[in-house]
Every structure is written in C-alpha cells, then in structure tokens.
Amino acid sequence: MTQSLGKMPEPEEQIAIQMYQIILTYAGLGQNGETVRRAEDEHINLIQNVMELAMRKENLLGELYLQLIKQTTEHPDPNSRVNLRHWALLSLACSVVLPPQRLIRKYLIAHLKRCASDCVTEEGKYARFAEKCLYKTQGTRRRQWPPSREEIMCTINRRPIYARFHFMDGQYHAVEFHPSATAKDVMELVKAKIGLRESAMGYAIYEVLGNSERSLVAEEKVADVMSKWEKYRN
C-alpha cells in the first residue's frame, strides 16, 4: 500500500503506511509477500506499536479499522494463519477502542455482521467474537493506554482477561473479565466470587504503585490500569 485508505495530511499518511506495514508483519508476511515466522514477544510488541500509533489521532484510528476491514474481506483461505491473525487484531481493536467516525463504525458493524453469519470457518468465530467485543466497548469510557501483554494474549485467543485481586488479609482471588469492563463491573464480579450480596457497600478496587495507592473510579477500565502498570514496570 503506497497511500492511506482515508484522506489525511501527509505526516499522518506516512504513519498510516507504517501501520499497514506493521499489520502485514504481525500477520507473518514479509516484504515480498512470503510467510515469515516470528517470536511471540515480537508479535506482542508489533500489536502494541500499531495500537499506540492508531490511538494518537482520530484519523489514524479510523484508518486502522479501514485497513483491518480490507485485510479481512473475502480472503481466499478463511482458515489461513495470515487471515486469522488479521481477524485477531481486528477483534483486539474492537475490545480496546472503536472508530470515532460514524460512517466507519457503520461499515465495521456491517462487515462483522456479514462475516459472523459464517458458521463453518474460524473466520466466522472471530467475526462473532469481534462483534461481541464491539457491542461491549460501545458507549464506554475511552481507553488511554494501548493493551497490555496479558490483554493481548487473552483477546487474540478469544478469552476474557484473567487477573488476581489481592485482599487485605493476604488472600487473593482470580477473576475473568472483558477488556471493556469498568472498575464497577469488576467489583461486582469480585463480590460474587467471595459471596457478598450485590447491595454490599463500602468496597472498592485499589491500585497500588510503589508507596502510593488510590481507589479506581467506577467508570475507569481495569484493563487500562493494567496497561499503565506494564508501561511503568518496563
């Protein structure tokens, strides 16, 4: 691809082309279209790079979705490794942040709905998963950070995020939740896990970084906090 799919200024167009190259690299395609196998850590870095670039500006986020829709449209081999990597990336994007442009969002919904009707291939399974991610993300608070390693590994394998929540008595409980889940959503899951009534008051999820701690705001996304931790840790 020598130019962006959407209309944008020259500096952003160069970033759009860079994003496209990252997508191809993640899918396992080399410069000449040959299949290239890479280490898992490299794949994680590629995904985080493309998401970070796309989240900088609305134009680039819309462009990312146009590129991923293009890459997942009428692939000659729906079950191929390359096609499923494109679908995994599209599913992840839908669980993190949606395109702000109304037309692109409508295009995305129509694309997922059409592909989700396929009940035979892995492509159809990914399309249904991506569609579910889209509707869970819609209407929620915008993410501030690209996805963490844990979130990427879970989402591209069509699984919820898994995390441990530690209690003041030294115990912990593992909870699974969707990437778009808010602190309020996860708190309800934790309550159910330890046998508390839904109406139980006075409980919150706290973030501890070094010597500082704070309670998460109800609408704050827990996956975003996990991404921030990973950034600071590295």
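About 460 Å² of area is buried between domain 1 and domain 2, and carbon and sulfur atoms supply 44% of that. Keep in mind that this is a predicted model. The two domains in question cover residues 10-138 (domain 1) and 161-233 (domain 2) of the protein chain. Here's a quick run through how they meet.

**Layout of the domains**
- Going by C-alpha atoms, the centres of domain 1 and domain 2 sit 29 Å apart.
- Seven residues of domain 1 and six residues of domain 2 take part in the contact.

**Salt bridge and polar contacts**
- If you're after charge pairing, the count between domain 1 and domain 2 comes to one salt bridge.
- Lys231 and Glu52 join their side chains in a salt bridge, with 3.6 Å from N to O.
- As for polar contacts, two residue pairs turn up across the interface of domain 1 and domain 2, both at pLDDT 80 or more.

**What domain 1 brings to the interface**
- Helix H2 (40-54), helix H4 (81-96) and helix H6 (122-137) are the elements that each put two or more residues into the side of domain 1 touching domain 2.
- H6 chips in the most on that side of domain 1, with three residues.
- Sorted by class, the side of domain 1 that touches domain 2 is a mix: two nonpolar, three polar and two charged residues.

Key: Residues are numbered from 1 along each chain as its sequence is written. This is a predicted model: local features need pLDDT of at least 70, side-chain atom pairs count only at pLDDT 80 or more; totals for chains, interfaces and linings use all residues. Side-chain values use heavy atoms; hydrogens and water are left out. Domain bounds come from an automatic or database domain assignment. Contact means heavy atoms within 4.5 Å. Buried area is the accessible area (1.4 Å probe) that two parts lose on being put together, summed over both. A salt bridge is a side-chain nitrogen of Lys or Arg within 4 Å of a carboxyl oxygen of Asp or Glu. A polar contact is a pair of N or O atoms within 3.5 Å; within protein, one must be able to donate a hydrogen and the other to accept it, and residues adjacent in sequence count only if both atoms are side-chain atoms. Helices (H or I, at least four residues) and strands (E, at least two) are DSSP runs, numbered from the N terminus. Ala, Val, Leu, Ile, Met, Phe, Trp, Tyr, Cys and Pro count as nonpolar, Asp, Glu, Lys and Arg as charged, and the others, Gly among them, as polar.
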